[in-house]
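Here's a short set of exercises to work through with the model open in your viewer. Try each task before you read its solution.

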Amino acid sequence: MSKINVYSEIGKLKSVLVHRPGDEVENLVPDLLERLLFDDIPFKKVAIEEHDRFTDLLRREGVEVLYIERLVAEALDQNPNLKDEFVNKFIKEGINDKKYTKEFKKYLLSLSNFEMVNKMIAGTKKIELGIHDENHYPFIADPLPNVLFQRDPFASVGNGVTLHKMWSVTRNRETLFPDFVFKNHSRFANDVPHFYEREWEEPIEGGDIMVLNKEILVIGVSQRTSMKAIERMSKEVFAKGTYKKILVLDLPKTRAFMHLDTVLTNADYDKFIAHPLIFDNVDAFKIYLITPEGKTEIKKSLIDVLSELVGKSVKIIKCGGDDEIAAGREQWNDGTNHLVVAPGKVIAYERNWVTIDLMEKAGIEVIKTPSAELSRGRGGPRCMSMPLWREDLKQ
Ligand SMILES: NC(=[NH2+])NCCC[C@H](N)C(=O)O
């Protein structure tokens, strides 16, 4: 039996991967925010409460919630012989000053597997190891606050996964975790085809990958994902998967278009949520179709192309509606970024009430989840989750 089954964005969600926020959010200071790609410092206690609420809502929908930190620890428990190599790899990629390698390794190995994985995510300060030196940089290894966004380091595509080369140095270590889990955890090992590898050169992130159905993917070329990466991935999915077409949206390369899912998401067979930016910029981006025969530019409007691909006339719900202030505010707080739990049923940040109202009027059922602290990292319910199993769609 296959271990991953994600052939759409909307099929009933059965199993999802997340990360419960931990000490990493208390290892953020203003000077580090820009480099670590986190926009503010969340209040840890409330961020955890909000996240627990989010996962409770998922469980109520009958979804199995898995935690990346637990899966990595379990994979290490199951394969004690691989621990040394895993720790060496983490240190090699994460240590800020090689001269502390020995101390840092000794420290990590003194922890239980679960504590160690959480520590790798939380970051380690020099003072925790009793180190005081002339270099005032406080961390032996930086925190990884964006592990919260399990959408990005890998993506489930059909029965396989793409393991990503991340655009930023700060996020690249995050992919060590899913890479280890898919290769070694007994639930997945040797049974999940890889359509991309973290060692490959060109960047690609999961927020840009939309699984439209069994044969079509929609992928954004964005600040984070390059055309070359998509072309390389296309060869693998065409050869090893069920895929026949990739629709590529070549978006403007700005932070507002950080990932495709910050401006466009699917909510039902024929419904998408989009930010006005995507329509205001239609002339600024090109649309391509990649098939096994090659890449061609498509000179049609996005709505027409999507309607053709899903075989129905597509309706777009505008994030923030026609009020440009509401649109700007709600997109900033991930108003376009919903997790679909079943066709026409989504989990959304409750603060984005203008967009929620428009979705409800369009017949979408919206489950609201709190977001005062979670939204400070610039990611919504879709960014915080990676589906591992969705029921297949009745076409
Ligand atoms: N799929 C997404 N939109 N993820 C959002 C990631 C946000 C994160 N702070 C970053 O800059 O990488």
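**Exercise 1. Find which residues surround the ligand, and sort the shell by residue class.**

Start with the count: the ligand has 16 residues around it, where a residue qualifies if its C-beta atom, placed from the backbone, lies within 6 Å of the molecule. Next, pick out the closest ones, which are Leu37, Gly207, His259, Gly379 and Cys383. Now sort the shell: five residues are nonpolar, six polar and five charged. The classes go like this: Ala, Val, Leu, Ile, Met, Phe, Trp, Tyr, Cys and Pro are nonpolar, Asp, Glu, Lys and Arg are charged, and the others, Gly among them, are polar.

Before you go on, a word on the ground rules. You're looking at a predicted model, where local features need pLDDT of at least 70 and side-chain atom pairs count only at pLDDT 80 or more, while totals for chains, interfaces and linings use all residues. Numbering runs from 1 along each chain as its sequence is written.

**Exercise 2. Decide how far to trust the coordinates, using pLDDT, ipTM and pTM.**

First take pLDDT, the predictor's confidence in each residue on a scale from 0 to 100. The protein has a mean pLDDT of 95, with 99% of its residues at 70 or more. For the complex, the predictor reports an ipTM of 0.98 and a pTM of 0.97. Keep one caution in mind: where pLDDT is low, don't read the predicted coordinates in detail.

**Exercise 3. Place Cys383 in the fold and say whether it is buried or exposed.**

Step one is the record: UniProt, in an unreviewed entry, puts the feature "active site" at Cys383. Such annotations may be inferred rather than shown by experiment; the positions follow the numbering used here, and feature names are shortened. Step two is the location, which is the loop between β18 (365–369) and β19 (386–390). Helices (H or I, at least four residues) and strands (E, at least two) are DSSP runs, numbered from the N terminus.

Step three is the neighbour count: Cys383 is buried because 25 other C-beta atoms lie within 10 Å. The cut-offs are 20 or more such atoms within 10 Å for buried, 12 or fewer for exposed, and partly exposed in between, with C-beta atoms placed from the backbone. Step four is contacts, meaning C-beta atoms, placed from the backbone, within 7 Å of each other. Skipping residues up to four places away in sequence, Cys383 touches Phe149, Arg151, Gly207, Asp261 and Asn337.

**Exercise 4. Compare the surroundings of Arg378 and Asn190, given a positive phi in each.**

Begin with the backbone: phi is near 65° for Arg378 and near 60° for Asn190, both positive in a residue other than glycine. Then locate them. Arg378 sits in the loop between β18 and β19, whereas Asn190 is in the loop between α8 (176–184) and β7 (194–196). Finish with burial: Arg378 is buried, since 20 other C-beta atoms lie within 10 Å, but Asn190 is exposed, since its count inside 10 Å is 9.

**Exercise 5. Work out where Met359 and Leu289 sit and which residues each one contacts.**

Take Met359 to begin with. It belongs to helix α13 (residues 353–361), and it is buried, as 24 other C-beta atoms lie within 10 Å. Beyond four places in sequence, Met359 contacts Ala267, Ile273, Ile317, Ile364 and Val366.

Now Leu289. This residue belongs to strand β13 (residues 286–291), and with 17 other C-beta atoms within 10 Å it is partly exposed. With neighbours within four places set aside, Leu289 contacts Lys245, Leu247, Thr296 and Ile298. For a sense of distance, the C-alpha atoms of Leu289 and Asn352 are 33 Å apart, with their positions 63 residues apart in sequence.

**Exercise 6. Check the overall dimensions of the protein against the globule rule.**

The rule is 2.2 Å times the number of residues to the power 0.38, with the radius of gyration taken over C-alpha atoms. For 395 residues that puts a compact globule near 21 Å, and the protein's 20 Å agrees. The C-alpha trace spans about 60 × 45 × 40 Å along its principal axes. Lastly, buried residues make up 48% of the 395, and the secondary structure comes to 13 helices and 19 strands.

How values were computed. Contact = placed C-beta atoms within 7 Å.
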